[in-house]
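Dear colleague,

I am handing over the structure we spoke about, and below it you will find my notes on what came out of the analysis. Please read them with the coordinates open beside you.

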Amino acid sequence: MIDKVLVNSETVVLASGGARGITAECVKKLAERSQCKFVLLGRSSIEAPLPEWADGIENESELKRLIMQDMQAKGEKPTPPKVQSSFRRVLAQREIEGTLDAIRSHGGQAEYI
């Protein structure tokens, strides 16, 4: 039986679903204490940057209004399911980027796949 697991800056932690939710909170705490490297696996894509019009917009209705305007500008019909899907995508990407930033701010390394 192992009484204590040593995690330090040489450790690599692989976390599935680790960039959002409760797992992300645990990963951030571990980064705070160990400054190790994290490889976070997730289903959300963060390859494309968030649109500039979404920067700093925290209000849900305002963000959805901007999503609808963006869709209309692209010639798309902004249906409620499409707007909600885009809204969730923006929130997910913000949360993932926040987790990666938190890890790095504690001296750890982070990669999201």
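To begin with the packing of helix on sheet, α3 lies across β2 and β3, and its direction runs at about 160 degrees to that of β3; please keep in mind throughout that this is a predicted model.

The sheet itself is open and has 3 strands in the order β1-β2-β3, with parallel pairing. Its edge strands are β1 (12–16) and β3, each of which pairs on one side only, and the twist from one strand to the next averages 15 degrees. Between β1 and β2 the parallel pairing extends over 5 bridges, and leucine 14 stands opposite valine 39 in β2. Helix α1 also packs on the sheet, where α1 touches β1 and β2 and makes an angle of about 170 degrees with the direction of β2.

Returning to α3, this helix has 26 residues and reaches 37 Å from its first C-alpha to its last, which is close to the 38 Å expected at 1.5 Å a residue. Its buried residues include Val83, Phe87, Val90, Ile96, Leu100 and Ile103, and among them are also Gln93 and Arg94. The cover over the buried residues of α3 includes α1 (21–34), β2 (37–41), α2 and β3 (109–112). After α3 comes glycine 107, which has a positive phi, near 90 degrees.

Helix α2 (residues 60–73) has 14 residues and spans 20 Å from first C-alpha to last, close to the 20 Å expected at 1.5 Å a residue. The buried residues of α2 are Leu63, Lys64, Leu66, Ile67 and Met71, and they lie on the same side of the helix because they cover an arc of only 160 degrees around its axis. On the other side of α2, Ser61, Gln72 and Ala73 are exposed, while the cover over its buried residues includes α3 (80–105). Just after α2, glycine 75 takes a positive phi of about 80 degrees.

Finally, you may wonder how many disulfides the structure holds. There are 0, and for cysteine 26 the reason is distance, because the closest cysteine sulfur, in cysteine 36, is 13 Å from its own and too far for a bond, given that a disulfide needs the two sulfur atoms within 2.5 Å. Cysteine 26 counts as partly exposed, at 49% relative accessibility, whereas cysteine 36 is buried, with a relative accessible area of 0%.

With best regards

Terms used:
Residues are numbered from 1 along each chain as its sequence is written. This is a predicted model: local features need pLDDT of at least 70, side-chain atom pairs count only at pLDDT 80 or more; totals for chains, interfaces and linings use all residues. Side-chain values use heavy atoms; hydrogens and water are left out. Buried means under 20% relative accessible area, exposed over 50%, partly exposed in between (1.4 Å probe, protein chains only). Helices (H or I, at least four residues) and strands (E, at least two) are DSSP runs, numbered from the N terminus. The expected span of a helix is 1.5 Å times one less than its number of residues. The arc is that of the directions from the helix axis to the C-beta atoms. Contact means heavy atoms within 4.5 Å. Two strands pair if DSSP finds at least two bridges between them. Axes are lines fitted to C-alpha atoms, for helices over the stretch in contact, and angles run from 0 to 180 degrees between N-to-C directions.
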